[in-house]
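Please keep the model open while you read these points, and find each residue in it as it comes up. The note deals with charged pairs and then with enclosed space.

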Amino acid sequence: MSTNTATEKTSPKLALGYGIGEMANQMSWYMVNNYLTLFYTDVVGLTATAISLIMLIARVWDAVNDPIMGTIADRTNTRWGKFRPYLMFAPPFLAIFNVMTFTVWPVTGTLKVILCLVCYIGTGMIYTIIGTAHSAIVNVLALDSQVRMNLSTARSVGASVINIVLSAAIMPLILYFSKSETANGTGYLWASVVLSVLMIPCFLVEAFICKEKYTNKLHSAAAETKTEKPGFLSNLKEITKNDQLLRIVICTLLGTICVTARMSLLTYYIIYVVGDFTMISLVFTSMTLAQLVGTLCVPYGTKKIGKRNCMIGLTVAMIAGFIGIFFLGTAGTPVLLALSFLCGLCNASSTLCYGMVSDCIEYGDWKLGMRQEGLAASFLTLAVKIATAFCGVVGVQALALVGYVPNAEQTLAAQTGINFVVNIIPAICGVISLIPLLGYNLTEKRIAEIRAELEEREKQTQNA
């Protein structure tokens with residue numbers, strides 16, 4: 001029997017569960033995104049070349065691992081569903097590898113680099129398992145595009161709330177455990193332990209609440225019409241024909257460099273250009289408060305002007321904030337915090353990315369006759385991790401090129417270089433990220449038409 005998506009409502013319980021799951025997701029990757037490069041340079045003592053090598057090898061592996069995990073998730077069929085089992089059983093393993101990643105191993109030379117590489121790759125692999133399931137599950141929780149958008153908004157509200165807490169608390173927590181005015185290995189280790197312990201029950205709450213209501217409905221027609229499932233390479237080839245999805249993946253790749261990956265270098269700007277460790281918490285909190293404000297406005301904005309136009313507006317605001325910080329970031333605390341707030345508004349664009357990917361999955365089902373929630377989600381996860389690595393590989397090398405010296409007072413030229421790397425390069429990437437959006441045409445009206453046609457196809461299949 002067909003579901004009338006026009007009358008589908010957003011379940012507050014589902015929204016709460018999905019938001020709590022995103023809190024866990026943010027806790028699982030927060031320190032890796034924001035502090036790992038600083039930890040490697042200033043605590044572990046790795047060279048820029050060693051860090052670049054670690055990031056490069058990890059991303060080459062991700063290019064293979066992420067799509068494979070997406071395909072595995074799409075093929076998973078259990079009594080708990082396709083995606084919930086990964087949210088139930090994988091988090092403890094991620095916790096272990098997160099702690100290992102922020103451990104200062106008592107070794108030197110090549111062995112130190114190898115251990116850091118193994119821990120980082122292990123963390124990334126398990127995060128891919130959980131992150132793919134977490135991103136994909138929204139597509140089997142609801143059918144209506146706006147309801148999925150609302151659930152993605154709930155996800156981003158969860159991200160904003162926990163990031164406000166983490167932005168204000170993590171550096172003080174690191175310093176508390178460090179028993180010093182500067183961060184050390186003990187501080188990073190115990191801060192990672194705290195986050196790893198807290199994330200596990202949050203993922204379990206998500207798995208308990210977010211039951212896969214539409215998994216059987218959305219995949220039953222495919223099961224009836226296909227006697228043999230295509231292989232991994234065939235799946236990969238087919239999904240690359242989804243031109244709308246590829247546009248969002250490219251936009252996400254470049255946009256993440258501006259937002260999430262930039263955060264890994266922002267601490268260098270605050271410490272060595274602004275010159276105040278304590279400002280880290282204030283700046284990060286300002287940005288996450290802005291993300292919450294932006295996220296709460298997203299449902300209204302998407303109804304009025306559509307997802308694509310909302311994305312463009314938020315990106316333009318972010319670019320203006322980056323340029324403002326480059327010129328005025330050291331003009332005083334109020335100015336820096338105000339401009340950081342403007343930058344943080346664009347962090348709400350992650351809500352739009354996931355909502356647009358959900359629409360692209362419907363489009364792919366309509367165009368190609370294949371539903372690939374896991375593979376589509378893994379492409380987005382891969383884009384985020386490639387962007388993070390970009391700043392890890394290119395960013396740390398750029399810092400070295402401009403004269404950055406770890407744990408030392410920087411020259412004026414080095415400070416200007418750090419400022420340029422942290423603010424202007426991401427601004428340029430932000431401008432480029434707008435280009436793929438120019439050809440994105442999945443409006444709310446178009447998705448409603450696609451959904452109606454898919455419903456009609458299902459009826460015909462059932463009656464045949």
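**Notes on salt bridges and a cavity**

1. In this predicted model, a search through the whole structure turns up 12 salt bridges. Among the residues that take part, R148, E362, D365, R371, E373, R451 and E455 are linked to one another in a network of salt bridges, and the next points go through some of the pairs in it.

2. Please look at E362 and R451, which form a salt bridge in which the closest N and O atoms are 2.6 Å apart. E362 belongs to helix 15, which covers residues 349-368, while R451 belongs to helix 18, which covers residues 444-463, so this pair ties together parts that lie 89 residues apart in sequence. Both E362 and R451 are buried.

3. R451 also has a second partner, since E455 forms a salt bridge with R451 as well, with 3.6 Å between the closest N and O atoms. Where do E455 and R451 stand relative to each other in helix 18? They are four residues apart in that helix, and therefore about one helical turn separates them. E455 counts as buried because its relative accessibility is 7%, which is under the 20% cut-off, and R451, at 6%, counts as buried by that cut-off too.

4. Another pair in the network is E373 with R371, a salt bridge whose closest N and O atoms are 3.2 Å apart. Are these two residues buried or exposed? E373 is buried, with a relative accessible area of 0%, and R371 is buried as well, with a relative accessible area of 9%.

5. The remaining points concern empty space inside the model. Rolling a probe the size of a water molecule over the atoms shows where such space is left. Counting cavities of 30 Å³ or more gives six, and the second largest of them has a volume of about 70 Å³.

6. Which residues line the second largest cavity? The lining consists of I239, N242, L245, C360, I361, G364, D365, L368, M370, Q372 and A376. Helix 15 supplies the largest share of this lining, with five residues, and helix 15 is also where E362 of the salt bridge with R451 lies. Sorted by class, the lining holds seven nonpolar, three polar and one charged residues.

7. Finally, please notice D365, which appears in both parts of this note: D365 is one of the residues linked in the network of salt bridges, and D365 is also one of the residues that line the second largest cavity.

Technical notes:
Residues numbered from 1 in each chain as written. Predicted model: local features only at pLDDT ≥ 70, side-chain atom pairs only at ≥ 80, totals over all residues. Heavy atoms only, no water. Salt bridge = Lys/Arg side-chain N within 4 Å of Asp/Glu carboxyl O. Helix = DSSP H or I, 4+ residues; strand = E, 2+ residues; numbered from the N terminus. Buried < 20%, exposed > 50% of the residue type's maximum accessible area, 1.4 Å probe, protein only. 1 Å grid on protein atoms, 1.4 Å probe; cavity = no way out; pocket = protein on both sides within 12 Å on 5 of 7 lines; lining within 4 Å. Points joined across faces, edges and corners; volume = space filled by probe spheres on them. Nonpolar A, V, L, I, M, F, W, Y, C, P; charged D, E, K, R; others polar.
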